[in-house]
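Welcome to a short guided tour of a protein model. Take a moment with the picture below, and then we will walk through its parts together.

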Amino acid sequence: MASLLNLRPETRVLDAGSGLGGPSRFIASEYGCYVTGIDLTGEFCEVARSFARRFGLQDKLSYLQGTVLDLPFEANSYDVVWTQHASMNIREKVLFFSELARVLKPGGFLACFDIIAGSGEPVVYPVSWAESEKISFLASQEDQLQAISQSGFEILSCDDRSQKALAWLEAVLEKQLNEEETASLTYKLLLGERMNTMMSNQIKNFQTGRTKVVQIIARKPDEEMSFIE
């Protein structure tokens with residue numbers, strides 16, 4: 001997704017729902033951007049800061065605990081807003097994307113990579129983002145795009161990445177099963193003892209079309225020249 005944006009060292013990026021900081025570290029290390037991450041889970045922010053220091057990126061990265069539904073930033077603060085695997089747990093999608101639009105500069109871009117609802121058949125739980133449907137709020141592709149448009153964005157592209165996501169999940173699960181007895185750093189540290197079940201269920205959801213992964217690029221309208229290629 002980052003390759004679709006002409007990111008420069010002076011580009012200011014907000015990672016909304018930054019988790020353990022993987023995307024923000026990639027953007028900072030590959031493109032030299034300054035990235036601010038915000039996540040609801042304080043422990044995730046602490047781990048992300050630790051990784052930033054470990055890889056010498058502490059001058060490029062900052063993380064704070066907070067809700068993406070009420071961002072503690074002034075309007076028109078960022079050139080790019082990045083969000084990856086966050087909206088699945090957010091019921092108020094128009095509020096979420098409206099907050100992202102508020103802090104984005106005119107002419108800036110939203111890059112969104114998320115799991116959405118597919119065929120309409122019930123999702124098999126637990127999965128990595130939710131133990132049950134109580135905290136899972138998957139939108140259909142139509143509803144996701146509508147929420148983004150209603151929030152003031154112009155949709156530039158929407159690409160299905162489900163097959164690539166499925167292949168990645170299958171490879172990760174196979175590796176996890178092979179290394180489970182010997183490796184100390186595994187996804188089980190994050191997902192717990194039900195990790196294999198969660199990942200197996202997500203593979204089934206993709207295979208049966210219950211869920212999809214889409215990559216959406218949108219723009220906050222402005223008459224000025226933008227930096228997207």
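How many bridges join strand 6 to strand 7? There are 6 of them, and strand 6 (residues 154-160) and strand 7 run antiparallel. What you see is a predicted model, in which local features need pLDDT of at least 70 and side-chain atom pairs count only at pLDDT 80 or more, while totals for chains, interfaces and linings use all residues. Residues are numbered from 1 along each chain as its sequence is written, and side-chain values use heavy atoms, with hydrogens and water left out.

**The sheet**

Let us begin with the strands. The open sheet is formed by 7 strands in the order 3-2-1-4-5-7-6, with mixed pairing. Helices (H or I, at least four residues) and strands (E, at least two) are DSSP runs numbered from the N terminus, and two strands pair if DSSP finds at least two bridges between them. At the edges sit strand 3 (61-65) and strand 6, each of which pairs on one side only. From one strand to the next, the twist averages 15 degrees.

Strand 7 (residues 211-219) is a good place to look at the pairing. Its partner strand 5 (residues 104-117) joins it in the antiparallel sense over 9 bridges. Glutamine 215 in strand 7 has phenylalanine 113 opposite it, and aspartate 159 also stands opposite glutamine 215. Is strand 7 mostly covered or uncovered? Strand 7 is mostly covered, with 8 of its 9 residues buried; buried means under 20% relative accessible area, exposed means over 50%, and partly exposed lies in between (1.4 Å probe, protein chains only).

Elsewhere in the sheet, strand 1 (residues 12-16) and strand 4 (residues 78-84) run parallel and are joined by 3 bridges. Here aspartate 15 stands opposite tryptophan 82 in strand 4.

**Helix 3 and its surroundings**

Now find helix 3. This helix lies across strand 1, strand 4 and strand 5, and runs at about 155 degrees to strand 5. Axes are lines fitted to C-alpha atoms, for helices over the stretch in contact, and angles run from 0 to 180 degrees between N-to-C directions.

How do helix 3 and helix 4 meet, and at what angle do their axes cross? The axes of helix 3 (residues 93-103) and helix 4 (residues 141-150) come within 8 Å and cross at roughly 45 degrees. That angle makes helix 3 oblique to helix 4: under 35 degrees counts as roughly parallel, over 145 as roughly antiparallel, 65 to 115 as roughly perpendicular, and the rest as oblique. The crossing of helix 3 past helix 4 is right-handed, a term used when the near helix is turned clockwise from the far one by less than a right angle, with anticlockwise giving left-handed.

On the helix 3 side, the contact is made by Lys93, Val94 and Phe97, and on the helix 4 side by Gln144, Ala147, Ile148 and Gln150. Contact means heavy atoms within 4.5 Å. Sorted by class, this contact has 4 nonpolar, 2 polar and 1 charged residues. Ala, Val, Leu, Ile, Met, Phe, Trp, Tyr, Cys and Pro count as nonpolar, Asp, Glu, Lys and Arg as charged, and the others, Gly among them, as polar.

**Individual residues**

Here are some residues to pick out by eye.

| Residue | Place | Relative accessible area |
|---|---|---|
| Asparagine 76 | loop between strand 3 and strand 4 | 38%, partly exposed |
| Histidine 85 | loop between strand 4 and helix 3 | 37%, partly exposed |
| Threonine 197 | helix 7 (residues 195-207) | 36%, partly exposed |
| Serine 98 | helix 3 | 28%, partly exposed |
| Alanine 52 | helix 2 (residues 42-54) | 3%, buried |

Asparagine 76 has a phi near 60 degrees, a positive value in a residue other than glycine. Histidine 85 has a positive phi of about 55 degrees, although it is not a glycine.

Alanine 52 is in contact with Leu57, Gln58, Leu61 and Tyr63, leaving aside its neighbours within four places in sequence. Its C-alpha atom is 9.8 Å from that of glycine 22, and alanine 52 and glycine 22 are 30 residues apart in sequence.

Serine 98 and threonine 197 are 99 residues apart along the chain, with 35 Å between their C-alpha atoms.

One last stop is the loop between strand 5 and helix 4, where proline 126 lies. The peptide bond from tyrosine 125 to proline 126 is cis, with omega near 0 degrees.
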